[in-house]
Amino acid sequence: MLVAIDGPAGSGKSSVSRAAAEQLGFGILDTGAAYRSLAWAAVESAADLDDPDAVMAILDTWTYTITLHGPQRVTVDLGDGVAHDVTAAIRQHAVSGLVSRVSQHPPVRDRLNAMFRRIVAESALPGVVIEGRDITTVVAPDAPVRVLMTATAAVRAQRRAGELAGLTHEQVLADIEARDAKDALVVDFFTPAAGVTLVDTSDLNFEQSVQAVVDIVRAAQ
Ligand code: C5P
């Protein structure tokens, strides 16, 4: 069973998808972690993030791993046989500010999308929730459950502010809007595609948002 979930930054998509997957006994594939790891790897290897060939060269040599079950662990081997644990590093504010530059390159997206499909295909779990920006439309348009999770920009900034100590609400709002605007040039994750269920979490708390997703999946099982 494949559950595809898209949404903008701070919509609750990552934490809600994870909790819903846990309740369902499914795995969770956070695709943003791969784009974040790629931005981290580009900085680490002093590659030009705006040069698609330089970013593709990293994809040619790296080995990327991510856990689908239990606590998230992400590792990147840049080709030297050392698996760096980047689980915490990729959540840093600095990485969030850079990641749209690597995710804008179409060949990079194609390569990562193929990797996502392979990871899901190789999983022995009864189901996988896969979340990102273009999962319902590009990565898994045939998934039996497809959800677009949204929330107003103000609500999303409020949720993120709790995670980013030291930044004002206005700074977080400005960062989220800038990242969404840049990402939305490449992928539309604000309009549900045909057959995609819209879940607006603006007025839902965390538990209610998780329940909404679990209910949609159960109805499709
Ligand atoms: O979901 P998260 O905020 O961790 O995603 C980080 C970044 O990765 C996004 O801002 C976007 O640039 C990129 N991304 C993407 N397509 C996806 C998932 C993430 O372009 N499917």
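**Two crossing helices, a pocket and a cavity**

Helix 2 and helix 3 lie roughly perpendicular to each other, because angles of 65 to 115 degrees fall in that class. Their axes cross at roughly 105 degrees and come within 10 Å. Note that this is a predicted model. Helix 2 covers residues 32–44, and helix 3 covers residues 52–61.

Look next at the side of each helix that meets the other. Helix 2 brings Leu38, Ala41 and Ala42 to the contact. Helix 3 brings Val55, Ile58 and Leu59. By class, six residues of this contact are nonpolar, with no polar and no charged ones.

Now turn to the open space. The largest pocket holds about 950 Å³. It is lined by 48 residues. Closest to the centre of the pocket are Ser14, Arg36, Arg91, Arg160 and Arg179. Helix 9, residues 169–184, gives the largest share of this lining, with six residues. The classes in the pocket lining are 16 nonpolar, 17 polar and 15 charged.

Enclosed space comes last. The model has one cavity of 30 Å³ or more. The largest cavity contains about 40 Å³ of space. Its lining includes Asp6, Arg133, Thr136, Thr137 and Leu148. Asp188, Phe189, Thr191, Pro192 and Ala193 also line this cavity. By class, the cavity lining has four nonpolar, three polar and three charged residues.

Conventions: Residues numbered from 1 in each chain as written. Predicted model: local features only at pLDDT ≥ 70, side-chain atom pairs only at ≥ 80, totals over all residues. Heavy atoms only, no water. Axes fitted to C-alpha atoms, helices over the stretch in contact; angles between N-to-C directions. Helix = DSSP H or I, 4+ residues; strand = E, 2+ residues; numbered from the N terminus. Parallel < 35°, antiparallel > 145°, perpendicular 65-115°, else oblique. Contact = heavy atoms within 4.5 Å. Nonpolar A, V, L, I, M, F, W, Y, C, P; charged D, E, K, R; others polar. 1 Å grid on protein atoms, 1.4 Å probe; cavity = no way out; pocket = protein on both sides within 12 Å on 5 of 7 lines; lining within 4 Å. Points joined across faces, edges and corners; volume = space filled by probe spheres on them.
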